[in-house]
Every structure is written in structure tokens, then in C-alpha cells.
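Please open the structure in a viewer and keep the selection tool at hand. The stops below are meant to be taken in order.

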Amino acid sequence: MQKLDDGAGRAAIVTVDLSPFTDTSLRDFERLEAGQALVEACHNLGFVKITGHGFTKEELDVAFAWTKRLFDLSYEEKMTAPHPPGPMPHRGYSGIGVEKIYSKEDMENPDCSKDVGQELRKIMDFKARHPLESYEIGSEQDDQQQNIWLPHEVLPGFQDYMNSLYERLAGVGKMILAAFGVGLGLDPDATTALMHLCSERHCQLRLLHYPDIEREKLLRELVARLPPHTDWSTFTMLFQDNSGGLELRDPSTQQFLHARPEEGVLVLNIGDMFQRFSNDHFVSALHRVAVPEAGTVSESRIPARYSIPFFVSPAPSHTVETLPQFVAPGTPIKYAPIKFQDYNAFISKYQYQSGGL
Ligand SMILES: O=C(O)CCC(=O)C(=O)O
Ligand SMILES: [Fe+2]
């Protein structure tokens, strides 16, 4: 484990090496040490950088090359796999509309008022305007939502590659969850409950492209590529290119820390399900994608950014309950049990506003 300085004297995002869980030559005490470092980092901040996850630099280059190939297609080609209107199924391509400019106020006070009608209008507005495009992919074995693929001739090999990437990432998700179990010192029953937080058939792979932005637009107060939100999965594993901009909030200081891109490093943030399961031992991390301040940009455009988040999630029918180990007289239970699909239904009306799953 090493501590990194973010360069501005702020608290560092810890990096944990999980190779003891991928390298079979390593021993139990090394696994224990790595698992404990993971638990400690996520307890303190709600997010962590991870190495030793099993993906090589070359494999990540291939994943980003496919992602770029997808978004380089014409709009008409991408729209041969359109995300249907409404939240379900959450699959296929969502395009860029007219840009939404986020004010500093939007960034600091994401509005989640109770008026659903008004919220839905805002969501439509957000969807139509936010300056990014995405492609959502699930497991081919998902019994609730079917994938929406481009016709083979539009991008030959894309479907097969993305299916294999999904499978690999689901495996990494399971491995990381197991590492949490080791770090927490869970008994077998508690470990079984923990492992339900990752259903390999119900996770979600997202490909994201934030187009390049003219400096002029920055000057007109564009301050976010993605406004602050939490993810409502168990945790999110994210690979990013070297453009930068992902920031996660340190809950003790309320400061956003920049997850500076580093080759081969995966950024993990805790999601709402893990927060409920752990009774706030791990807190769902507020995060956003920022753009540089206009005054600091000398080029006429800031470059495009690509990222690949993978949302590790329980099965929709799974009821997420707080583990008794996290409840004590001083820390009473905070969350009622909830089915993941009910939580999703409740929260998905804010989907495009919150940018989550
Ligand atoms: O692009 C990123 O770095 C963040 C993406 C994200 O937070 C999300 O898709 O929920
Ligand atoms: Fe997110």
C-alpha cells in the first residue's frame, strides 16, 4: 500500500495492490494484508485505486481502442443500437444532445426535490443536453434485460469482444468482493451474504465518451462533464484514459480529490448497496467528472475523454440487508432491508440527473 499526494496538499487517494488475490504463488498473510488495506482505504474515503487486478496494460489498450472505435462511428451507425426510452432495459447507445452547462450551484447542490413530474422533466432535459455519450452492456445471461447490439456489419467483432470484457470484469468484481471479505475477517455465513452483492449476471458495463470541449465553452462557465452523484450498485470499478477529471469527495473534509490517471490503475468507488450492507462502514462515494478551470487551459480545445466503468451489483431480486457484524449498541442499524430492484425503481427516476447505473 502506498500513499499518493494529489499535488495540492490535499489528502491522498490510497493505492492497494491486490495481486495476492490474482497471483496464486502468494500466501494467506499477504492476502490478509492486502484485504485489510482495501477495507481500511474504503472505510476512510469510500474509494481507492487498485493495482494487481489482473488486467495488463495491453489488455486495457485494447478495451479503450474498441471503445474509441465505437464512438468514432457516425451517429446514424451508433443509433442502430439505440437505448430505448425509459430506464429499462438499460442497454445500448445513448447519444449526445445539445450541451447542458452546469453552473457551480448545480455542482454543489444537486437538486433532488420531491416533485416527481418536475424531476422527470428535468431528467429528460438532462438526457437531451448532457455532453457525453454512452453504451450500456449487461451479461448475455441476464434474465431481466437483454443486450442491444449494433448489427454485426456495423462494427464486426464488437459484440464478442464486449462480452469477453464483461466476463473478465465480472470475475475481477468477484475477486475484489472476496478481498473485502478477507479484509473484514468475515465468517463463512457472512462471506456468503457478502458475495451476494455481486451477481455475475446482473452487473453492468458502461462505455463513456466525453467529447472534446472548446475553450470558449469553458469560459462560458461549463464546470462539469458529469455532475456529482453516487452509484447505487455495490461498488464501481473504473478504468479511465489519461485525460483526467474524475474527482471523488473525501467525506471527512468534503473536498473533492482528483483521481489522477495512472497507467493500469483501476479506481474503485463504494456504491449505495455496500453502504447499506455495511451500515455506513463504507460510505457511497460522491463523485463527478470535472473540467479544468478555463484560466488554466491554453489550448483552444480540451481533449475528449473516455472511461469504462463497471458496476458490480446484486441480482435485482436480492434483498440487501445490513450485516449484523456492522451493528452494535453505539452503531444502531440505519437501513431497512431492500430489494435491489425496488431500490433501482425508486432511484431510477433520477437516473439521468444522477448519472448512476
Ligand atoms: O467517467 C467517469 O470517470 C465517471 C463515470 C461515472 O461516474 C458513472 O458512469 O457513474
Ligand atoms: Fe458514477
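The tour moves from the whole chain to a metal site, a helix pair, two buried residues and some backbone details.

**The whole protein**

Begin with everything displayed, bearing in mind that this is a predicted model. A cartoon view shows 12 helices and 16 strands. Colouring by accessibility will mark 52% of the 357 residues as buried. The protein exposes about 16000 Å², of which carbon and sulfur atoms supply 53%. Among contacts with a separation of 6 or more, 79% are between residues 24 or more positions apart.

**The iron site**

Select ligand 2, the iron ion, together with H229, D231 and H287. Which atoms coordinate the iron ion? They are NE2 of H229, OD of D231 and NE2 of H287, at 2.1 to 2.3 Å. Along the sequence, these donor residues follow the spacing H-x1-D-x55-H. The pair D231 and H287 links distant parts of the chain, with the two positions 56 residues apart: D231 is in the loop between β7 (224-229) and β8 (235-240), and H287 is in strand β12 (residues 287-290). Now query the accessibility of both: D231 has a relative accessible area of 2% and H287 one of 6%. With a cut-off for burial of under 20%, D231 therefore counts as buried, and so does H287.

**Helices α2 and α7**

Next, select residues 28-44, which form helix α2, and residues 158-184, which form helix α7. Their axes lie 7 Å apart and the helices pack at an angle of about 95°. Angles of 65 to 115 degrees count as roughly perpendicular, so α2 and α7 belong to that class. Display the side chains at the contact: α2 contributes R31, L32, G35, Q36, L38, V39 and C42, while α7 contributes I176, A179, F180, V182, G183 and L184. By type, the residues of this contact comprise 9 nonpolar, 3 polar and 1 charged.

Remain on helix α2 and pick A34. Is A34 buried or exposed? A34 is buried, at a relative accessible area of 6%. Beyond its neighbours within four places in sequence, A34 is in contact with V16, D17, L18, P20 and F21. For a distance check, the C-alpha atoms of A34 and T51 are separated by 11 Å, the two residues being 17 residues apart along the chain.

**L197**

Move to L197, in the loop between α8 (188-195) and β5 (204-210). L197 has a relative accessible area of 0% and is buried. What surrounds L197, leaving aside its neighbours within four places in sequence? Its contacts are L177, T234, F274, F277, V312, S313, P314 and V320. A line drawn from the C-alpha atom of L197 to that of C42, 155 residues away along the chain, spans 16 Å.

**Backbone details**

Finally, inspect the backbone torsions. Most residues other than glycine have a negative phi, and most peptide bonds are trans. Select M88 and P89, which are joined by a cis peptide bond with omega about -10°. P89 lies in the loop between α4 (75-78) and β3 (92-94).

Then go to N279, in the loop between α10 (272-277) and β12. Phi of N279 is positive, near 55°, and N279 counts as buried at 6% relative accessibility. D280 lies in the loop between α10 and β12. Phi of D280 is also positive, near 75°, whereas D280 is partly exposed, with a relative accessible area of 21%.

Technical notes: Residues numbered from 1 in each chain as written. Chains lettered and ligands numbered in written order. Predicted model: local features only at pLDDT ≥ 70, side-chain atom pairs only at ≥ 80, totals over all residues. Heavy atoms only, no water. Axes fitted to C-alpha atoms, helices over the stretch in contact; angles between N-to-C directions. Helix = DSSP H or I, 4+ residues; strand = E, 2+ residues; numbered from the N terminus. Parallel < 35°, antiparallel > 145°, perpendicular 65-115°, else oblique. Contact = heavy atoms within 4.5 Å. Nonpolar A, V, L, I, M, F, W, Y, C, P; charged D, E, K, R; others polar. Donors = N, O, S within 2.8 Å, 3.2 Å for Na, K, Ca; no water. Buried < 20%, exposed > 50% of the residue type's maximum accessible area, 1.4 Å probe, protein only. Areas by Shrake-Rupley, 256 points an atom, 1.4 Å probe, with all protein chains shown as cover.
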